[in-house]
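Hi everyone, thanks for making time. I'd like to walk you through one model today, so let me put it up on the screen.

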Amino acid sequence: PRLTRARLGNLSLNMVSGVIEASVSGLGVTALIALDRSEASAATLASGFFAAYTVGRLVLYWLTRRFAPVHIFLAGAILSALACGVAVLGAPGLAHVALGATIGIMFPAYYVWATSRLGGDPRMGAAILIFGMGGGALGPPVLTAVLGGFGGIGQLYAVAGLVALALAVG
């Protein structure tokens, strides 16, 4: 199938979602330490993040029976933006753990929704994965380079929150 403007726009949502997921999960500990958390506290919060991430994925089993995938994806984006706002307002540890759950529901919901929107061609499924992995691979180093110039990785939450909000609005 042709990679039309509409398809490219849809796939770009997944790339941005990949940036959020990889950046928060991969750079979150660095951000917490930059925000004056001890290494032990940051490690505990990282474990909390991944526990919440797993719970988010497991809860999808029930969520998908009640809500359309697009609504689950949008809820994940909105809740991620809110959690990032909580981090910026002074509770980064709590926000980091909450982000595990919100991010955990985003990609699977997006994948199902996008597959229905992009058509049944197997190459579209591969394109979804490529765009998501591309965002996950390229996002963290780009964010690190950009945020380093603005005074530290702690602003990761502000940027991720804005990006999640843009996803929800877009």
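Let me start with a quick one: in which helix is Gly132 found? Gly132 sits in helix α5, which covers residues 122-148. Please keep in mind as we go that this is a predicted model.

Staying with Gly132 for a moment, its relative accessibility is 13%, so Gly132 counts as buried, the cut-off being under 20%. What does Gly132 touch, leaving aside its neighbours within four places in sequence? The answer is Asn14 and Gly18. There is also a nice long-range relation here: Gly132 and Glu21 are 111 residues apart in sequence, yet their C-alpha atoms are 9.5 Å apart in space.

Now let's zoom out to the whole fold. The protein has six helices and zero strands, and reading along the sequence gives α-α-α-α-α-α. The radius of gyration is 16 Å, while the globule rule gives 15 Å for 170 residues, so the protein is as compact as a globular protein of that length. If you want a box for the C-alpha atoms, roughly 50 × 35 × 25 Å along the principal axes will do.

For contacts, take the pairs of residues at least 6 apart in sequence: 79% of those contacts join residues at least 24 apart. Buried residues account for 41% of the 170 residues. On the outside, the protein exposes about 8600 Å², and carbon and sulfur atoms supply 71% of that area. As for charge, there are 9 positive and 4 negative side chains, with the centres of the two sets 20 Å apart.

Next, the aromatics. How many aromatic pairs does the structure hold? Eight. One of them is Phe49 with Phe50: the ring centres are 4.9 Å apart and the planes are at 85°, so this pair is edge-to-face. The two partners sit in unlike surroundings: Phe49 has 1% relative accessibility and counts as buried, whereas Phe50, at 43%, counts as partly exposed. Ring pairs also bring in Tyr53, linking Phe49, Phe50 and Tyr53 into a cluster.

Another pair is Phe73 with Trp113, where the centres are 6.3 Å apart and the planes are at 20°, so the pair is stacked. Phe73 belongs to helix α3 (residues 69-88) and Trp113 to helix α4 (residues 92-118), so the pair ties together parts that are 40 residues apart in sequence. Both Phe73 and Trp113 are buried.

Trp113 turns up again when we look at Asn10. Asn10 lies in helix α1, residues 5-34, and at 7% relative accessibility Asn10 counts as buried. Apart from neighbours within four places in sequence, Asn10 is in contact with Tyr110, Trp113, Ala114, Arg117 and Leu118.

My last stop is Ala83, back in helix α3. Is Ala83 buried or exposed? Ala83 is buried, with a relative accessible area of 7%. Setting aside neighbours within four places in sequence, Ala83 is in contact with Ala95, Ala98 and Leu99. Between Ala83 and Pro69, which are 14 residues apart along the chain, the C-alpha atoms are separated by 21 Å.

That's the tour, folks. Thanks for listening, and I'm happy to go back to any of these spots on the screen.

Key. Residues numbered from 1 in each chain as written. Predicted model: local features only at pLDDT ≥ 70, side-chain atom pairs only at ≥ 80, totals over all residues. Heavy atoms only, no water. Helix = DSSP H or I, 4+ residues; strand = E, 2+ residues; numbered from the N terminus. Rg over C-alpha atoms; globule rule 2.2 N^0.38 Å. Buried < 20%, exposed > 50% of the residue type's maximum accessible area, 1.4 Å probe, protein only. Contact = heavy atoms within 4.5 Å. Areas by Shrake-Rupley, 256 points an atom, 1.4 Å probe, with all protein chains shown as cover. Lys, Arg positive; Asp, Glu negative; His and termini not counted. Charge placed at Lys NZ, Arg CZ, Asp CG, Glu CD. Phe/Tyr/Trp six-rings, centres within 6.5 Å; stacked < 30°, edge-to-face > 60°.
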